[in-house]
Amino acid sequence: MASVYEGPIQALIDELGRLPGVGPKSAQRIAFHLLKIPPEDVARLATTIVEAKRQVTWCRRCFNFATGDLCTYCLDERRDRTVCCVVEEARDIVAVERTHEFHGSYHVLQGAIAPIEGVGPEQLRIKELLARIGDEGITEVILATNPNIEGEATAMYLARLCKPLEIRVTRLASGLPVGGDLEYADEITLGRALEGRRDL
Amino acid sequence: MPTAAPGSARGQRLYRDRGVVLRSIKLGEADRIVTLMSEGHGKVRAVAKGIRKTGSKFGGRLEPATHVAFQCHRGRELDVVTQVETIDAHRALREHYGCLTHAVSMLEAVDQVALEREPDPALYRMLERALRTLAEQPSPAVSTAFFWKLLSLEGFHPVVDQCTRCGGPAPFRAWDLRAGGVCCGACVLGGRPMAPGTAETIARIVGGGLAGVLADPPDDRVLGEVERLAVASLEFHSERRLKSASLR
Ligand SMILES: [Zn+2]
Ligand SMILES: [Zn+2]
């Protein structure tokens, strides 16, 4: 797209447009908003971004975000260290936490195997996971990768690696969304839901 | 028979077709751009709106390797998916790592050679059949055979019955990527050395004997060689790397 605005305005729009989920129109809207609000509000936002970037690192154990050596879950003594929930991204931890159903530890792979994008296992935190299984006495690994082709490839790959370690390896069940209609369920979801049915 | 774009010539913007999902990439917060190899419309790129939301009407129907009947709204650059029904989800492919990576390699290869909105029903049918075969018989021979047939379909039929340099007879010792075929013992220089049995296996595959190869496969070393040569030949002709082929 041709630059239609003066230098600094266009530069701001371009920078904002690089953010995930921000299209050219949104970038323009945010840029105009920032230019309209008081300078101290803009300064606070800028400082917050710089400070967050400076203080937040990766937990050296699970690769979640952390402000120190370890993240809040790794520091929490009450959590069950023998069960480890493996997720693709740190934001997936938040989703699992909201269920209030899980009280174990986490491991963030920082991505998923994506054959077409050329992302292989060596680009993920898999070595670190295997080291943890040996070191921390983990007896169950829950594979909570996304139920799409990349997440499934990753889960199958990990399951194969974990097999000789003689630990329990489980995968999150696929099922019907609560509140949805059965007739709209796709065949793979419904097939798996049928397979994973429970006694009542 | 390919479904001709009904009414598209009359300016209607809705069309129906069948196709195999080649890939799917995230778009914005909840959407995906889906690439399909369709029967009557060539390669189609279309937006599936809201597909990443749990309650989406699309659900898992537009996951790569799924064979679907779909309806799209024609757009200027990207079409928009309005309806999808599963013809075959090829679930077996999704339950084994080896199967999945082989299936993905076939999808990637088709994505590389197929042209957008250029009907190529033979390519569509070949892919659909290969995925079904792989789901039934999970062997690396399936994707390897698919690559050779793809080369053949694209006009690079491998020469396996005579030396590509001197026209001489077997035994053949090497493979010439540029010429797309075998070289005899006197002409091996500059070719890729190959194990005995490689040329014969390629000849069986392109001669339509995949069922025979599946029933009575050559040893893993020969099959691996035939696969590496297929990938190298595809990459040579498309001038692009087949990224998923390195993930085995
Ligand atoms: Zn941690
Ligand atoms: Zn020769």
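Mentor: Before we start on this predicted model, one convention: helices here are DSSP runs (H or I) of at least four residues, strands are E runs of at least two, and both are numbered from the N terminus. With that, Pro171(B) can be placed in the loop between α3 and β6 of chain B.

Trainee: What kind of peptide bond joins Ala170(B) and Pro171(B), and how do you know?

Mentor: Omega is about 5° there, and the bond is cis. Most peptide bonds are trans.

Trainee: Which residues hold the zinc ion (ligand 2), and what makes them donors?

Mentor: Cys163(B), Cys166(B), Cys184(B) and Cys187(B), each through SG, at 2.3 to 2.4 Å. The cut-off for a donor N, O or S atom is 2.8 Å from the metal, so these sulfurs at 2.3 to 2.4 Å qualify. Along the chain, the spacing reads C-x2-C-x17-C-x2-C. Cys166(B) sits in the loop between α3 (140-153) and β6 (172-176), while Cys184(B) belongs to strand β7 (residues 181-184), so this pair ties together parts 18 residues apart in sequence.

Trainee: Why is the arrangement around the zinc ion (ligand 2) called tetrahedral?

Mentor: The four donor atoms subtend angles of 105 to 116°. Tetrahedral needs all angles between 85 and 135 degrees, so the label fits. The ideal is 109.5 degrees for four tetrahedral donors.

Trainee: And what makes the arrangement at the zinc ion (ligand 1) tetrahedral?

Mentor: Angles of 100 to 120°, which again lie between 85 and 135 degrees, so it is tetrahedral. The donors are the SG atoms of Cys59(A), Cys62(A), Cys71(A) and Cys74(A), and their spacing is C-x2-C-x8-C-x2-C.

Trainee: Back at ligand 2, are Cys166(B) and Cys184(B) buried or exposed?

Mentor: Cys184(B) has 8% relative accessibility; buried means under 20%, so it counts as buried. Cys166(B), at 48%, falls between 20% and 50%, so it is partly exposed.

Trainee: How do you know how α1(B) and α3(B) are oriented to each other?

Mentor: The axes of helix α1 (residues 97-113) and α3(B) come within 9 Å and cross at roughly 10°. Angles under 35 degrees count as roughly parallel, so that is what these two are. The contact between α1(B) and α3(B) divides into eight nonpolar, three polar and no charged residues.

Trainee: What does the crossing angle make of α3(B) and α4(B)?

Mentor: Those axes cross at roughly 70°, also within 9 Å. The range 65 to 115 counts as roughly perpendicular, so α3(B) is roughly perpendicular to α4(B). Ala145(B), Trp148(B) and Lys149(B) in α3(B) meet Ile202(B), Ile205(B) and Val206(B) in α4(B). By class, that contact has five nonpolar, no polar and one charged residues.

Trainee: What is notable about the phi of His90(B)?

Mentor: Phi is near 45°, a positive value in a residue other than glycine. Most residues other than glycine have a negative phi. His90(B) lies in the loop between β5 (79-88) and α1 of chain B, and with 2% relative accessible area it is under the 20% limit, so it is buried. Arg117(B) also has a positive phi, near 60°. Arg117(B) is in the loop between α1 and α2 (121-136), and at 37% relative accessibility it counts as partly exposed.

Key:
Residues are numbered from 1 along each chain as its sequence is written. Chains are lettered from A and ligands numbered from 1 in the order in which they are written. This is a predicted model: local features need pLDDT of at least 70, side-chain atom pairs count only at pLDDT 80 or more; totals for chains, interfaces and linings use all residues. Side-chain values use heavy atoms; hydrogens and water are left out. Donors are N, O and S atoms within 2.8 Å of the metal (3.2 Å for Na, K and Ca); water is not among the atoms, so sites may look incomplete. Four donors count as tetrahedral if all angles lie between 85 and 135 degrees; four count as square planar and six as octahedral if opposite donors are over 155 degrees apart and all others between 65 and 115; anything else is irregular. Buried means under 20% relative accessible area, exposed over 50%, partly exposed in between (1.4 Å probe, protein chains only). Axes are lines fitted to C-alpha atoms, for helices over the stretch in contact, and angles run from 0 to 180 degrees between N-to-C directions. Angles under 35 degrees count as roughly parallel, over 145 as roughly antiparallel, 65 to 115 as roughly perpendicular and the rest as oblique. Contact means heavy atoms within 4.5 Å. Ala, Val, Leu, Ile, Met, Phe, Trp, Tyr, Cys and Pro count as nonpolar, Asp, Glu, Lys and Arg as charged, and the others, Gly among them, as polar.
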